[in-house]
Amino acid sequence: MNIADMPKIELHCHLDGSVRPETIIDIAKWDGIRILSLDIEEMKEELIAPLDCRSLDEYLEKFSIPNAVMQTKENLKRITFELFEDAANEQVKYMEVRFAPLLHTQQGLTVEEIIASVIEGMQEAEDQFDIKGNIILSCMRTMAPERAFEVVEKGKAFLGKGVVAIDLCASEEEGFCAQFIEPISLAREYGYRVTIHAGETGIGKNVLEAVEWLGAERIGHGVYIKDCEEAYRVVKDKRIVLEICPTSNVQTKAVTRFEDHPLYDFHRDGIEITINTDNRTVSDTTMAKEFNIVWNQFDMSDEDYREIYMNSVEASFAMDEIKEELRKYLVD
Ligand SMILES: O=c1[nH]cnc2c1ncn2[C@H]1C[C@H](O)[C@@H](CO)O1
Ligand SMILES: [Zn+2]
């Protein structure tokens, strides 16, 4: 099986972590934004988290440069378009892209303008390339819960028009879910689907709380259910889907080495996993790279590929018609 040619689905990809380095330099030049260097190799050094990065918090330091060039409608649209173009070239047929609208208001854009620009970029790419997409609105859990309400309220008008779900992201503290029960419950009432970053920094119980208190249908990462029996059980019994991002997990030290990743044990035990990039630029990766790492590390089979692909189809927040199209790519 040549993984590069296989159809793919990506459910966990951050817009601000996936900006082309060339585009950052280009925008910085045009818009007169001061960044550390206009040299492409130096810029990559600044943007890519090394594999020996020490923690999620260190990894998250890499997002300030891309966010500096994501403050106008044109730039947000361009960056979104280019991400979908890159994914289409990787044979990604459907992708859910997430971003935190509140990080893009530094030059006065409204949350509504920000979301509309990202959707425009996505739709333009859908028209030009063989790819479909949807948008997930991320709320920064480092901000007050009122800010999450703001995202939920302002994003509501875009539901069914490009936006499908809500997420919580950024630095992960023990017990973070308790603070966000109300805004996420309101989001569910409005019709947002729910995926939550949890269990990335050693705290499996956060996954349990994300499922039980926030109604998470999918979990970003979820690696540490491996050490929390209750969380493991709930994920397995409720068929909560894990969005696994192998390279990112090594960089943030969710796992020390690829060979230590529990993803294949999860898969063999019937936990529904998917494979994703998390951040194409910050993790210096592509969907093919992530699949190749996993395939070589765990000696996985064509049937494993089919199962993981189908997990992604079923767990996607796409409409039924799109899901039906996606299933067709892998009928044998
Ligand atoms: O893997 C991650 N865990 C938690 N937060 C993350 C991860 N990757 C990116 N983020 C944060 C940094 C971005 O600025 C934000 C919105 O995309 O989401
Ligand atoms: Zn993520």
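How many nonpolar, polar and charged residues does the shell around ligand 1 have? In the predicted model analysed here, the shell comprises eight nonpolar, six polar and four charged residues. Ligand 1 is surrounded by 18 residues, of which the closest are His 14, Phe 63, Ala 100, Cys 169 and His 197. Two elements, α3 (56-60) and β2 (92-99), each give two or more residues to this shell.

Strand β4, which spans residues 163-169, is mostly covered, with seven of its seven residues buried. Cys 169, listed among the closest residues to ligand 1, falls within the range of this strand. On one side, β4 runs parallel to strand β3 (residues 132-140), to which six bridges join it; within this pairing, Ile 136 has Ala 165 of β4 as its bridge partner. The connection between the two strands involves helix α7 (residues 145-155), and β3, α7 and β4 together make a right-handed β-α-β unit. A further crossover follows, in which the chain passes from β4 through helix α8 (residues 181-190) to β5, again with right-handed sense. The pairing of β4 with strand β5 (residues 193-198) is likewise parallel and is formed over two bridges. Ala 165 is also represented here, its bridge partner in β5 being Arg 193.

The nonpolar interior was examined next. The largest nonpolar core has 96 residues, and those with the most contacts inside it are Val 118, Ile 135, Ile 166, Val 194, Val 207 and Ala 210. For Val 118, once neighbours within four places in sequence are left aside, the contacts are Leu 15, Leu 76, Thr 80, Phe 99 and Ile 135. Ile 135 is thus both a contact of Val 118 and one of the core residues with the most contacts.

Helix α9 (residues 205-212) is also mostly covered, as six of its eight residues are buried. The buried positions are Asn 206, Val 207, Leu 208, Glu 209, Ala 210 and Val 211. Val 207 and Ala 210 are among the residues with the most contacts inside the largest nonpolar core. The elements that cover the buried residues of α9 include β5, β6 and α10.

Strand β7 (residues 241-244) is covered on both faces: Val 241 and Glu 243 are buried on one side, and Leu 242 and Ile 244 are buried on the other. With strand β6 (residues 218-221), β7 pairs in the parallel sense over three bridges, and Gly 220 stands opposite Glu 243 of β7. The chain reaches β7 from β6 by way of helix α10 (residues 229-237), in a right-handed β-α-β crossover. Strand β8 (residues 273-275) pairs with β7 as well, in the parallel sense and over three bridges; in this case Leu 242 stands opposite Ile 273 of β8.

A charged residue in a loop was considered last. Glu 90 lies in the loop between α5 (73-89) and β2. Glu 90 counts as buried because 22 C-beta neighbours lie inside 10 Å, where the threshold for burial is 20 or more. Residues up to four places away in sequence not being counted, Glu 90 touches Lys 8, Thr 286, Met 287 and Ala 288. The C-alpha atom of Glu 90 is separated by 23 Å from that of Tyr 264, a residue 174 places away along the chain.

Note on methods. Residues are numbered from 1 along each chain as its sequence is written. Chains are lettered from A and ligands numbered from 1 in the order in which they are written. This is a predicted model: local features need pLDDT of at least 70, side-chain atom pairs count only at pLDDT 80 or more; totals for chains, interfaces and linings use all residues. A residue is near a molecule or strand if its C-beta atom, placed from the backbone, lies within 6 Å of it. Helices (H or I, at least four residues) and strands (E, at least two) are DSSP runs, numbered from the N terminus. Ala, Val, Leu, Ile, Met, Phe, Trp, Tyr, Cys and Pro count as nonpolar, Asp, Glu, Lys and Arg as charged, and the others, Gly among them, as polar. A residue is buried if 20 or more other C-beta atoms lie within 10 Å of its own, exposed if 12 or fewer, and partly exposed in between; C-beta atoms are placed from the backbone. Two strands pair if DSSP finds at least two bridges between them. A crossover is right-handed if, with the strands pointing away from the viewer, the path from the first strand over the helix to the second runs clockwise. A nonpolar core is a set of buried Ala, Val, Leu, Ile, Met, Phe, Trp, Tyr and Cys residues joined through C-beta atoms within 7 Å. Two residues are in contact if their C-beta atoms, placed from the backbone, lie within 7 Å.
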